[in-house]
Amino acid sequence: IIFSASFFFCGRNKMGRGLTRTHSTLAVKRKRARSTSIGGEIVEREDDSFDQVEEETILNPETYTKYRAAATVANDVLREVLDGVTPGASVIDLCKMGDELINAKALPLYSKDLDEDGNLIYRGIAFPTCVNVNRIVCHYHPTLEEEEVIINEGDIVRVELGVHIDGYIASVAHTVIVKTAEVDAAPSLDFTIQCDVLRAAYTAGEAALRLMKPGHTNHDVTEVFQSVAYSFGVMPLQGVLSHRVKRFDEQGEQIIMGWQSKNEDQLQNTFTFKVGQVWSLDVVMINDSTAATNKAKLQQRSPSDAHIFRKSEVARSMRLHAARYVLSVLSENGAAGLLPFSKELFGGHRSTNLGIHMLSKQQLLDSYPIFYCKGIQTVARYKWTVLITPNGIQKITGLEAPEYATPDPSRVDPDVATLLSENIYERRKVLKVKKGGRAPRAEL
């Protein structure tokens with residue numbers, strides 16, 4: 001089972017690049033050099049398939065600036081959508097509002113700049129706004145009235161979205177409990193449990209950030225996820241992956257597993273973090289401590305009901321007019337053919353549903369299936385875009401934890417508590433020089 005952008009149980013239906021999108025955890029084996037074990041010791045094998053040209057890394061000031069610009073838009077839109085998450089709010093309206101805000105805030109940026117081919121720079125939606133309520137885990141972007149969900153008091157809502165500038169993606173997800181100040185002045189047991197799940201997810205993410213430095217490995221991060229979850233009596237949701245990001249692709253080859261059973265027959269490829277990398281760090285916790293039933297409690301909605309799609313790497317001519325129409329719209333919309341999109345891109349054209357169905361059937365489109373949790377009371381998700389700079393770690397997307405879910409170092413292992421007290425970023429001071437001289441440029 002695969003998760004979106006950083007989730008591996010909710011990813012795309014895709015055959016041929018990196019992780020397949022709706023397959024089992026065995027997909028981790030595909031196209032990755034595996035770590036080998038010699039005498040019980042894991043020996044690192046670097047995966048060089050993800051090398052990027054220097055101009056596309058954050059060591060290039062222009063690229064770094066584009067990531068930061070995309071992150072600013074993502075955070076601003078997330079705040080506004082969360083402000084609308086109130087009792088009685090419509091999920092359809094919130095998703096539509098989020099996408100409109102992304103375009104309104106992103107399109108004016110770099111509006112007169114040209115890319116390397118002399119074309120206007122693509123910018124806008126990197127992942128459509130999704131509002132996932134209660135047991136709907138991910139990828140819920142409804143457009144039809146019969147798919148409408150109305151938010152109620154006490155609901156747990158996860159908002160996810162992505163923004164890009166010139167293909168440099170900043171994505172984010174945040175979880176809140178819909179609760180007015182007047183209600184439940186004395187917290188109930190259920191509310192306390194819900195807060196623990198949210199607090200565990202946010203604490204695990206903060207601890208993970210401090211391990212994403214040169215010299216640490218992805219296994220170190222997986223272990224801290226599991227350690228924090230154990231301390232709070234919750235469970236990382238199996239199948240969740242964090243990915244290294246590259247231009248126009250948020251699901252890179254290098255991964256961090258959120259949870260790994262000792263009985264699993266494969267290991268994630270071991271690698272060390274390096275300066276210049278960009279990561280989509282995804283943390284998902286559930287209030288279930290039974291690992292054996294973890295996978296069994298996820299349900300996948302029919303792929304034909306998916307709301308979000310992406311053009312695949314399969315190339316094939318299509319005779320059906322509806323299919324050709326969808327492909328032509330994607331071609332005309334530039335980045336829409338490279339990044340995930342929703343049916344709203346086609347403006348309600350009558351050929352849209354048939355065209356998408358036929359293209360998906362022929363594997364020309366990948367779908368992001370909607371996933372549900374069965375019998376799980378609370379799911380918390382926090383997702384941040386992370387830059388590894390020469391000065392340390394920069395978390396460029398993500399909001400502060402809700403007041404009922406702030407990290408609590410007193411409830412984790414002493415080693416993790418010490419880790420949480422560390423700074424993740426140190427801004428280097430610009431050296432002072434004599435009058436008439438030039439100060440050296442500050443690094444990232």
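How many disulfides does a search of the whole structure find? The search finds zero disulfides. Please keep in mind as you read that this is a predicted model.

## The chain as a whole

Let's start with the overall picture. The chain contains seven helices and 17 strands. It has 444 residues, and 56% of them count as buried.

You can also look at how contacts link parts of the chain. Taking contacts between residues at least 6 apart in sequence, 75% join residues at least 24 apart.

## Cysteines without a bridge

Now back to the opening question. A disulfide needs two cysteine sulfur atoms within 2.5 Å. For C130, the nearest cysteine sulfur belongs to C95 and is 6.0 Å away, so C130 is in no disulfide.

Where do these cysteines sit? C130 has a relative accessible area of 0%, so it is buried. C373 is buried as well, with a relative accessible area of 1%. C95 is one of the buried residues of helix α2, which is the next stop.

## Helix α2 and what covers it

Helix α2 runs over residues 91-106. Its 16 residues, at 1.5 Å a residue, should span 22 Å, and the end C-alpha atoms are indeed 22 Å apart, so expectation and model agree. At the N-terminal end, S90 acts as a cap: one of its side-chain oxygens lies 3.3 Å from the backbone nitrogen of I92.

Which residues of α2 are buried? They are V91, I92, L94, C95, G98, D99, L101, I102 and A106. The cover over these buried residues includes α1 (61-83), β3 (123-133), β5 (156-165) and β13 (341-342).

## E80, a link from α1 to α2

Try finding E80, which lies in helix α1. With 32% relative accessibility, E80 counts as partly exposed. Leaving aside residues up to four places away in sequence, E80 touches M97, L101 and K105.

The side chains of E80 and K105 are joined by a polar contact of 3.3 Å. E80 and L101 are 21 residues apart in sequence, and their C-alpha atoms are 8.7 Å apart in space.

## Helix α4 and the residue after it

Helix α4 covers residues 218-232. Its 15 residues should span 21 Å at 1.5 Å a residue; the end C-alpha atoms are 22 Å apart, which agrees.

The buried residues of α4 include V221, V224, F225, V228 and F232. Others in that buried group are N218, H219, T222, S227 and A229. After α4 comes G233, with a positive phi near 75°.

## Two crossing helices

How do the axes of α5 and α6 meet? The axis of α5 (residues 321-332) comes within 7 Å of the axis of α6, and they cross at roughly 90°. That makes α5 roughly perpendicular to α6.

On the α5 side, the contact is made by A322, A323, Y325, V326 and L327. On the α6 side, T352, L354, G355, I356 and L359 take part.

## A buried histidine in a loop

Is H307 buried or exposed? H307 has a relative accessible area of 5%, so it is buried. Its place is in the loop between β11 (298-300) and β12 (308-311).

The side chain of H307 takes part in polar contacts. One joins it to the side chain of E147, at 3.1 Å. The H307 side chain also reaches the backbone nitrogen of H141, at 2.9 Å. Not counting residues up to four places away in sequence, H307 touches H139, Y140, H141, P142, E147, F341, S342, K343 and I370.

## Positive phi outside glycine

Here are two residues to look for in loops. N134 is not a glycine, yet it has a positive phi of about 55°. N134 sits in the loop between β3 and β4 (136-138), and it is partly exposed, with a relative accessible area of 32%.

Q363 is not a glycine either, and its phi is positive at about 65°. Q363 belongs to the loop between α6 (352-361) and β14 (365-368). With a relative accessible area of 45%, Q363 is partly exposed.

Definitions and conventions:
Residues numbered from 1 in each chain as written. Predicted model: local features only at pLDDT ≥ 70, side-chain atom pairs only at ≥ 80, totals over all residues. Heavy atoms only, no water. Helix = DSSP H or I, 4+ residues; strand = E, 2+ residues; numbered from the N terminus. Expected span 1.5 Å × (residues − 1). Buried < 20%, exposed > 50% of the residue type's maximum accessible area, 1.4 Å probe, protein only. Contact = heavy atoms within 4.5 Å. Polar contact = N/O pair within 3.5 Å; in protein donor to acceptor, adjacent residues only side chain to side chain. Axes fitted to C-alpha atoms, helices over the stretch in contact; angles between N-to-C directions. Parallel < 35°, antiparallel > 145°, perpendicular 65-115°, else oblique.
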